[in-house]
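Thank you all for coming; I would like to walk through one structure with you this morning, going from backbone details to the interior. Please have the sequence and the model open as I speak.

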Amino acid sequence: MPVYRNISFATAQSFSDLLSNGDLVDGRGDPTKELLSRVTVLSRPAERYLFLPERDVSPILQFAETMWVLAGRNDVEWLERYSPKAPQYSDDGRVWRAGYGPRLRNWPGGVDQLGQARRLLIESRQSRRAVISLFDPAIDFIESKDIPCNNWLSLMVRGDVLSMNVAVRSNDALWGFSGINAFEWSVLQECVANWVGAAVGPVTYLASSFHLYQPFFDTAVQIVERFDGVTAYDHVRSAPFSTSFEQFDQRLSDWFAAEGRLRENPEERRSVGDAFLDSGLDLVRLKWGVKSGWSDARLRAELEALPDEDHTAAAYQHFGRLRPGLRDGIPQQGIAAFFAACLQGGGLADRFRAAIKALHATKDRVYGRAWKKRGERISILPNVARKVDRLEEYARGVKGLSDESALDTAVDFYVYTLKYRLWLAERDEPGKLLASGAPTPLSDFDANFDALVDRLKLDNAGDSKAQIASIAQLFEALWKATESSSEPRPRISILDALLKEAEALLATLFITHPPLVVRFIGQETAS
């Protein structure tokens, strides 16, 4: 089950998975790549703005449509101001008959499902009944341009953390999942978390059909190839939502009133007294200011006056696509650091090493010393052997597990080989492998492992199949050496050669498969 830090990582890797593993099927006359029963987890859903070099999605539209849904609206006339294609998805040109807003806030019979979900979680912290239905069997088994794609939301609190599950019958990866769904439901989740006094936890999406239409295959390839794992959330945070449920509808009414005034006159900033809702008004004001004829200099001055937060970074990215000069000399330190990291390739090698360290630290927390508990032959070598066997399967072209790539296996192999090297050093040369003063036993301390990872060079690519063949051969020699002698030195000599090949294989995969590197970084920084 793929777990990603945020929607940017999830989008890039989902496209990669669709292009590589999706089945080509007909989707209402258009060929699509499709994955069935796709489960995707975002560990930090509140990191909701997309930061992908080749994906130009309007943060203004995302915020505006989200407010429109949370306010219970489905009128096309208002939404069309932000989404000119909105009428194309309406049967009558006036409303989205399956718009989530009325179903969420005013289900037939007058049920505010958002309010009821909140009530249930306040009355019973462990409730499993806080669910929201968006598919209505009484009216949705018909032919229409507009049948709800997102069908069901479930909210649960455990350990003062609010998690959410979203069931989707049909999910367009480009325009649905990454375009609006992840954004709008993350806001709903943050609102409910605030109302019930919980932290925002992970969100899990189950898409019966997760797909990408053929006209966007090339775009998806470019998105995958250009994303290097850098998002603004390495440097900035979001404006906090703080409105109580009792004030929520009035604040939304105030928000739409302020939005209307900004459309008519964008010269003055507007506020409704909630930092998050006000961040959306900042975006709206930029849109209508540009439409009214603001020059590049004026737009730049307005951007520079905004806080050092995610919505501002998204605005710089959005407007800077056509006006790249806006990104020169950005005064907000966090946003400036983000764009600088983009220009520098994000320091991918350093972040890859950091992700390897994070993986090791996580495994140590979970498994402790189990990896060496019963000694070399029973515990340590079998861990290494399993990874060697899987690498050989990759070299033979055997398709990997859906959630484990060749890079994942190569990293695991490197981690266990490095830990084995530390273990052997304790028995023969504790002062040679690391600087004097390293904590002992060497294999018990993350600092020692991390120090060796820092030496990992990632600047040369070789032949991965040849490297795997050498790894298999060296491991067989190592296995025999453990059978014939208890002396560590002969084994150290073979293990050093094995570790060298492990490092070379990582370098090869790092250089030749950057999307896998980005995926690995995203997974290991998802906690």
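Let me begin with Gly-197, which sits just after helix α6 and takes a positive phi of about 70°. Before I go further, I should say that what you see is a predicted model, so please hear each value as one computed from predicted coordinates, as the source is a predicted model.

Staying with α6, the helix runs over residues 173–196 and bends by about 45° at Asn-181. How many of its 24 residues are buried? The number is 22, and the helix is accordingly described as mostly covered. At its N-terminal end the helix is capped by Asp-172, a side-chain oxygen of which lies 2.9 Å from the backbone nitrogen of Leu-174. Ser-178 also belongs to helix α6, and a polar atom of the Ser-178 side chain lies 2.8 Å from the backbone oxygen of Ala-173. Ser-178 counts as buried because its relative accessible area is 2%, which is under the 20% cut-off.

A second serine deserves a word here, namely Ser-90, which lies in the loop between α3 (76–80) and α4 (100–105). With a relative accessibility of 2%, Ser-90 is buried as well, and the side chain of Ser-90 makes a polar contact with the side chain of Asp-92, at 3.1 Å.

Now to the backbone geometry, where a reminder may help. Most residues other than glycine have a negative phi, and most peptide bonds are trans. Against that background, where in the chain is Ser-37, which has a positive phi of about 50° although it is not a glycine? Ser-37 is placed in strand β3, residues 30–42, and Ser-37 is exposed, because its relative accessible area is 52% and the term applies over 50%. Asp-160 is another non-glycine residue with a positive phi, in this case near 60°, and Asp-160 is found in the loop between β5 (150–158) and β6 (161–172). Asp-160 has a relative accessibility of 47% and therefore counts as partly exposed. As for the peptide bonds, a cis bond joins Thr-440 and Pro-441, with omega at about -5°, and Pro-441 is found in the loop between α15 (406–428) and α16 (446–453).

Let me turn to the interior. Rolling a probe the size of a water molecule over the atoms shows where empty space is left. In this structure there are 2 cavities of 30 Å³ or more. The largest has a volume of about 70 Å³, and the residues lining the largest cavity are Tyr-4, Phe-9, Ala-12, Gln-13, Val-224, Phe-227, Pro-515, Val-518 and Arg-519. Which helices each supply at least two residues of that lining? They are α1 (7–21) and α19 (514–524). By class, the lining of the largest cavity has 7 nonpolar residues, 1 polar and 1 charged.

The second largest cavity has a volume of about 30 Å³, and its lining includes Tyr-49, Leu-50, Val-57 and Pro-59, together with Gln-62, Ala-314 and Gln-317. Here α2 (59–70) and α11 (310–320) each supply at least two lining residues, and the lining of the second largest cavity has 5 nonpolar and 2 polar residues, with no charged residues.

Since α2 has come up, please also look at Trp-68, which is placed in that helix. Trp-68 is buried, with a relative accessible area of 1%. The C-alpha atoms of Trp-68 and Leu-52 are separated by 25 Å, the two residues being 16 residues apart along the chain.

I will close with the cysteines. A disulfide is a covalent bond between the sulfur atoms of two cysteines. How many disulfides does the count give for this model? The count comes to 0. Of the cysteines, I will mention Cys-191, which counts as buried because its relative accessibility is 3%, and Cys-342, which is partly exposed, with a relative accessible area of 33%.

For the discussion, I suggest that we return to α6 and its bend of about 45° at Asn-181, and then to the cis bond between Thr-440 and Pro-441.

Note on methods
Residues are numbered from 1 along each chain as its sequence is written. This is a predicted model: local features need pLDDT of at least 70, side-chain atom pairs count only at pLDDT 80 or more; totals for chains, interfaces and linings use all residues. Side-chain values use heavy atoms; hydrogens and water are left out. Helices (H or I, at least four residues) and strands (E, at least two) are DSSP runs, numbered from the N terminus. Buried means under 20% relative accessible area, exposed over 50%, partly exposed in between (1.4 Å probe, protein chains only). On a 1 Å grid over the protein atoms alone, a cavity is a set of points where a 1.4 Å probe fits but cannot get out, and a pocket is an open set with protein on both sides within 12 Å along at least five of seven lines; lining residues have an atom within 4 Å of a point. Grid points are joined across faces, edges and corners, and a volume is the space filled by probe spheres set on the points. Ala, Val, Leu, Ile, Met, Phe, Trp, Tyr, Cys and Pro count as nonpolar, Asp, Glu, Lys and Arg as charged, and the others, Gly among them, as polar. A disulfide is a pair of cysteine sulfur atoms within 2.5 Å. The bend at a residue is the angle between axes fitted to the seven residues ending there and the seven starting there. A polar contact is a pair of N or O atoms within 3.5 Å; within protein, one must be able to donate a hydrogen and the other to accept it, and residues adjacent in sequence count only if both atoms are side-chain atoms.
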